Structure formats: structure tokens, C-alpha cells
Amino acid sequence: MTKTIIANIMAEETRMALVENGHLAEISIERSESGHIVGNIYKGRIKNILPGMQAAFVDIGRDKNAFLYLGDLPSHSTPDTAERRPLVTAGQDIVVQIVKDAMGTKGPRVTTQITLPGRFVVLMPTVDYVGISRRIDSEAERERLRQVAEKVRPPGMGLIVRTVAQNKSEEDISKDIAYLLNFWNALAARAKRSAVPALLFRDVDLVIRIVRDYLSPDVAEFILDNKEAHGRVCDLLNFSSPELVSKVQLYQGQEDIFSFYRIAEEIEQLAKRKIWLKCGGYIVIDHTEALTVIDVNTGKFVGRTSLSDTVFQTNLEAAAEIARQIRLRDIGGIIIIDFIDMDKEEQKKAVLAVLEQKVKQDRTKTNILGLTSLGLVEMTRKKARQNVDQSLYNECPCCEGRGRIQSAETVVIQVLRKLRHLVGRQHVKGALIVQVHPRIAEVLQRKGEKERLEQELARTITIEAVPSLHAETFSILSGKE
């Protein structure tokens, strides 16, 4: 698989695109104004505790208090019961790390289990655990890395060995751990002397996170369009991974880099809820507050042999595209997929196998829970920050997120109902002026409609088209005879 990373860097915004085999696979956007807070470490103060929700709310100095799940905290068993009670109280100072961005009305989610990502490992100062990246397939290499990690990790602390640590020496890994351990000690000292609330650590910007989290030996090129950022990346790699410096290229073309590599066109497609498949079928992606629903349809695909084969081929292609869209749009939380009904068990297993294989390419933890009794596929995907759709778009002020507005006929009927109410019950006298959106005015002024209404209500009615009015609103004013 050919991988290319392309970065577009401006003062206001940084965009990163990961391209795999010529197709956009991931997009990340970071804006200077809103900033990136996942990974930040704060010294905060517990404002209140809700035992019934197993939750505490922590003041970290931002607009909204952070949510802390008490189940993540160290706990103890009381002498007289087996009940586990968290060792926290309101007013207590606490060091926490952001694990999920604020979403809608909810504040950010935090944890006390701090993680410090390095180039080859992630140091976990508060837990005693060794993990190996699931993307390392070789059992022999996994075992070697586990032995190295157990040997060099600080006593009582945990490590996660990252994918880029494959084939790295014990010395390389030890240097990474030493740097992270020194950083943790400095951070702990800063926490002791800082007033509350305080930002103890801000995660690095997107450009450096690309190097840390994405740039690996299997990436063919890392192309940036900013000279200063190019220099920073090369300096960092000369220190940590000199063998990768040759992969970093500076784009100096006149055309916008995302347009030159045809990425801008693919980003525009992310706004669409319907995605066409090569076979002629399509998938539809809809979001609710609690979950994302994906529907599969045969569309224009009529197949060649039988209905069963047509459905199967559509579902196979849809499974691959759904995995790609989930990753590309960074859809998190609960995901429900409604594939077209299949009768054969082997076909169902084949479609699930394609889905499972494709999600393995996703860095974000994803679980496929299988088929329900209704034939729906249930999935979960870790959600840490606002997805691309939430970053690029606001809720439509016309439909307020419904995706549709009332038909002209519906609004016209509401206008007529209101007119009859005013004339029949409130005894409004004189002529009436009805102000509506132009498309509603067009329906009201159809041949004979206005005259019929005037005859029914026994008064003069003037229809005024007002372009600035919302298509679902109208005004009725008293006029002069």
C-alpha cells in the first residue's frame, strides 16, 4: 500500500490528509482559534460529585467543567463491605488529562490516568501495564518488544509500545522512555507549585503530531507547503528518526496544495449524506445525537445473474466503502449499518469479513459486534474529538438540522388556517396583507386562488413576497380598504 501525507499550513488553520493508494483515507483539521485540547494536562479542582452517576465535575479553567468518570479512579474496599469508593472529595485538587473534546452542551471528558506519547512508546506514569500496538502483526516482534519494554520501563509505570517501534533497538526505546520520564518528573514538580486551575501541558500542534503519530517507514512521502514547518519537521526527525528525513518534501507550487493533489474535491464530498458506489448502488449516512445510521441500497445496480447475487455484490462493495467513510469522516460512538437483506449465511459472513478487514486499517479503536436478529450490524468506534463534519459545517439555520423544510403547500394551509381564525373569531375588520416567502407567494397567487379566498373571507387580501422571510414563517397585517 502506498501512503502519502499532505499538509496544508496557514496561520489560521492546518490541514492534514493521509492518502492511501491514491484515495483520501483520513483528514485532520486544526484551527488556531479553537485549538486542540485532547491530550492537554491540567491541574484542576473538583467542584461537585454525583455518586448516582459515578461522576465528578472538575474546574480546569475552561468555559465548561470537565467530566471525570469515577470508575477510572483508584479505589479501595472498606473494612465492612465489598463496596469500592473513590478517594476524591469536593474541593480537592487533582491532575487530569483531556481524553475527549467538549461536544455540544457537554464539557470535555478527563481522566487521571495520564499518558505521555513519545516517538516509539507511550508512557503511563499512573498504571503498571505493558501493551504492544495491535498493528504489529509479527508475534516474534511483539514478544521481543514486550521483553524490551519490561526490561527498560520505570518501576511501577506502564508502557504502550507504538507501531513505529518495530525493529527499533533497546537503546532507541530507552532514549524515548528517558525523555518522557524526565518530562513527567518536571510536570509533576510544576503541578505541586501551580495554582488552580492551571494548564500543565499543552499537546504539540498538528504538524508535530503528524510526525509522532503518522510518519512511519511505510509512508512514501510527507509533503508540506510551509517552509518553517518543513524545517521543524526535519529538525525533529534528525534527532529521532534520521532515516525518514528524505521522505519530507517542501511543496512550492503556485496552486493550493490540496487542489493540486485533488484532495479538495474529496473533502467537498464529505458534506453529502448519499455516497454512490462504483457498481451503481449507494449508501446513506445519517447522524442522530446518540448514534450514526448507515443504510445500503442497490440504487441503479441491476446485476447480471440473480437478485441474491446483486444484493451480495452491492453489500460487499458497500462494506468496504462504509469502513472508508467512517474513518474519513472520523465517525465515533455507536454505528448501526443496515445492509440489504441476505438469505445465505455464507454471504453474511463474507460481508462481515470485508468490513472487519477494512477497519483494521483504522488507527482508531473499532469494535464490530456482529449482526442483530434484525440483520443490522452493530459497531462502536472511539470518539475523542469533533469529527470533520462538525469542524467544517454548522447546523442549517433554515431547517435547524432536520435536513428538510415544510413544503409550500403546508405553509399555505397554515396561512389559510390563520386567516380564517382571525376573520372568524377575532372579527378583524378591513383589508389584510399577507407577507410570505416568494415561493409561498407563488402558490397563493395561482390563478383564481387569491380571488376565491377574498370571496370566502369577504375582504381584500394583498399578497406580498418578502425574500428575507424564512420559508416557513409569515406575517398577516391589517391594511386599508
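Start by selecting Gln54, which is partly exposed at 33% relative accessible area. You'll find Gln54 in the loop between β4 (41-50) and β5 (55-59). Take a look at its backbone: phi is near 50 degrees, a positive value in a residue other than glycine. Keep in mind as you click around that this is a predicted model.

**A second positive phi**

Now hop to Asn21, in the loop between β2 (13-20) and β3 (23-31). Asn21 isn't a glycine either, yet its phi is positive, at about 50 degrees. How accessible is Asn21? With a relative accessible area of 48%, Asn21 is partly exposed.

**Zoom out**

Time to show the whole protein chain. Colour by secondary structure and you should get 12 helices and 26 strands. Along the principal axes, the C-alpha atoms fill a box of roughly 95 × 65 × 60 Å. The radius of gyration is 29 Å, whereas a compact globule of 481 residues would come in near 23 Å.

Switch on a surface if you like. The accessible surface of the chain is about 26,300 Å², and carbon and sulfur atoms account for 50% of that. As for the inside, 42% of the 481 residues count as buried. Contacts reach along the chain too: taking those between residues at least 6 apart in sequence, 63% join residues at least 24 apart.

Next, colour by charge. There are 68 positive and 64 negative side chains, and the centres of the two sets lie 3 Å apart.

**Salt bridges**

The structure holds 31 salt bridges, so pick a few to visit.

- Select Glu150 and Arg153. Their side chains meet in a salt bridge, with N to O at 3.2 Å. Which side of the pair is buried? Arg153 counts as buried, at 19% relative accessibility, because the cut-off for buried is under 20%. Glu150 is partly exposed, at 42%.
- Move to Glu266 and Arg324, where the closest N and O atoms are 2.8 Å apart. This salt bridge links distant parts of the chain: Glu266 belongs to helix α6 (residues 263-268) and Arg324 to helix α7 (residues 307-329), 58 residues apart. Glu266 is partly exposed at 22% relative accessibility, and Arg324 is partly exposed with a relative accessible area of 23%.
- Then pick Asp330 and Arg381, whose side chains meet in a salt bridge at 2.8 Å, N to O. Here the link runs from the loop between α7 and β21 (333-338), home of Asp330, to strand β23 (residues 377-381), home of Arg381, with the two positions 51 residues apart. Is Arg381 buried or exposed? Arg381 is buried, with a relative accessible area of 4%, while Asp330 counts as partly exposed at 22%.
- Finally, select Glu13, Arg15, Arg31 and Asp256 together: salt bridges that share partners join these residues into one network.

**Into helix α7**

Go to Thr310, which is found in helix α7. Thr310 is buried, with a relative accessible area of 5%. What covers it? Show Thr298, Phe301, Val302, Gly303 and Arg304, which are in contact with Thr310 once you leave aside its neighbours within four places in sequence.

**A tyrosine in a loop**

Next stop is Tyr393, in the loop between α9 (388-392) and α10 (408-425). Tyr393 is partly exposed, with a relative accessible area of 35%. Which residues is Tyr393 in contact with, leaving aside its neighbours within four places in sequence? Show Ile267, Glu268 and Ala271 and you have them. Try a distance label on the C-alpha atoms of Tyr393 and Ala271: they are separated by 8.2 Å, though the two residues are 122 apart along the chain.

**Last stop: a cis peptide**

End on Val196 and Pro197, and switch to a stick view of the backbone. A cis peptide bond joins this pair, with omega at about -5 degrees. Pro197 has its place in the loop between α2 (170-193) and β15 (198-201).

How values were computed: Residues numbered from 1 in each chain as written. Predicted model: local features only at pLDDT ≥ 70, side-chain atom pairs only at ≥ 80, totals over all residues. Heavy atoms only, no water. Helix = DSSP H or I, 4+ residues; strand = E, 2+ residues; numbered from the N terminus. Rg over C-alpha atoms; globule rule 2.2 N^0.38 Å. Buried < 20%, exposed > 50% of the residue type's maximum accessible area, 1.4 Å probe, protein only. Contact = heavy atoms within 4.5 Å. Areas by Shrake-Rupley, 256 points an atom, 1.4 Å probe, with all protein chains shown as cover. Lys, Arg positive; Asp, Glu negative; His and termini not counted. Charge placed at Lys NZ, Arg CZ, Asp CG, Glu CD. Salt bridge = Lys/Arg side-chain N within 4 Å of Asp/Glu carboxyl O.
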